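Open the model in your viewer and keep the sequence panel beside it. This tour goes stop by stop, with a selection to make at each one.

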Amino acid sequence: MDRIFNLDAQLLFDALITAVNVFILFVLGTYLLYNPVRNMMKKRQDAIEANIQAAEKDKADAALLKAEYDSKIASAEKDADEILTQARKKAIRREEDIVAEANAEAGRIIERAGVEAQLEKQKAADDMKKEMIAIATAMAGKVVSASIDTNVQESLLEETLKEMGDSTWQD
């Protein structure tokens, strides 16, 4: 019974050599195949994580830029509203200035018209006085030519003045 479980020495030796060869192939396979594949997978995983982090950073930057642009747009709208408000106020002030100038010009025109009317009235009164003087002179000429006494002259003068009226001399 020199065999164990019906195994001879040659079979055990061959099994041992096969086990050593499998171990050597395992070690060589690990160093030659598994480690490079594992390193490649690690690099790929790191690259994917870097891409994810870059994408997250880009997303955060985009959110900041969007917020900045939104604030700039809101600021621009506010500035536009302020400019429009100032333009409206300026237009209203200009309108008020134009109306005030027009009212002042109208007042000057009315004042000039009043002065001109007063001058025309004064001229008419002066013309009437000149006519009265001419009439009185003509009447005095008649009185002198007729040699009427002073009582008759005074009565004619008073009669002429009554005909012209007292209000004519007072205007």
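**Stop 1: the Glu105 network**

Select glutamate 105. Its relative accessible area is 32%, so it counts as partly exposed. Bear in mind throughout that this is a predicted model.

Now add arginine 112. The side chains of glutamate 105 and arginine 112 meet in a salt bridge, at 3.9 Å from N to O. Arginine 112 is partly exposed, at 46% relative accessibility. Add Arg108 to the selection as well. Glu105, Arg108 and Arg112 are joined into one network by salt bridges that share partners. Side chains of opposite charge can pair when their charged atoms come close.

**Stop 2: the whole chain**

Zoom out and color by secondary structure. How many helices and strands does the protein have? There are 3 helices and 0 strands. Read from the N terminus, the order is α-α-α. Select residues 9–146 to pick out helix α1.

Switch on the surface. The accessible surface of the protein is about 15,100 Å². Carbon and sulfur atoms account for 62% of that surface. What share of the 171 residues counts as buried? The figure is 5%.

**Stop 3: two bridges along helix α1**

The structure holds 6 salt bridges. Go next to one of them, between lysine 42 and aspartate 46. Their closest N and O atoms are 3.6 Å apart. Both residues lie in helix α1, 4 residues apart, which is about one turn of the helix. Check their exposure. Lysine 42 is partly exposed, with a relative accessible area of 46%. Aspartate 46 is also partly exposed, at 36% relative accessibility.

Move along to lysine 72 and glutamate 68. These two form a salt bridge, with the closest N and O atoms 3.3 Å apart. Here too the partners sit in helix α1 with a spacing of 4 residues, about one turn of the helix. Lysine 72 has a relative accessibility of 47% and counts as partly exposed. Glutamate 68, at 39%, counts as partly exposed.

**Stop 4: a negative patch**

Select Glu95, Glu96, Asp97 and Glu101. Together they make a patch of negative charge on the surface. Focus on glutamate 101, which is found in helix α1. Is glutamate 101 exposed or only partly exposed? Its relative accessibility is 48%, so it counts as partly exposed; the exposed class begins over 50%.

**Stop 5: a nonpolar patch**

Select Leu16, Val20, Phe23, Ile24, Phe26, Val27, Leu28, Tyr31, Leu32 and Leu33. These residues form a nonpolar patch on the surface. Their accessible area comes to about 1,100 Å² together. Pick leucine 32 from the group. Its place is in helix α1. Leucine 32 has a relative accessible area of 58%, so it is exposed.

**Stop 6: confidence**

Finish by coloring the chain by pLDDT. The protein averages 86, and 88% of the residues score at least 70. Which element has the lowest mean pLDDT, and which the highest? Select residues 166–170 for helix α3: its mean of 54 is the lowest among the elements. Helix α1 has the highest mean, 90. Where pLDDT is low, the predicted coordinates should not be read in detail.

Key:
Residues are numbered from 1 along each chain as its sequence is written. This is a predicted model: local features need pLDDT of at least 70, side-chain atom pairs count only at pLDDT 80 or more; totals for chains, interfaces and linings use all residues. Side-chain values use heavy atoms; hydrogens and water are left out. Patches are made of residues with over 30% relative accessible area and no salt bridge: like charges are joined within 9 Å, nonpolar side chains (Val, Leu, Ile, Met, Phe, Trp, Tyr) within 5 Å. Accessible areas come from the Shrake-Rupley method with a 1.4 Å probe; for residues, only the protein chains shown count as cover. A salt bridge is a side-chain nitrogen of Lys or Arg within 4 Å of a carboxyl oxygen of Asp or Glu. Helices (H or I, at least four residues) and strands (E, at least two) are DSSP runs, numbered from the N terminus. Buried means under 20% relative accessible area, exposed over 50%, partly exposed in between (1.4 Å probe, protein chains only). Lys and Arg count as positive and Asp and Glu as negative; His and the chain ends are not counted. The place of a charge is taken as NZ of Lys, CZ of Arg, CG of Asp or CD of Glu. pLDDT is the predictor's confidence in each residue, from 0 to 100.
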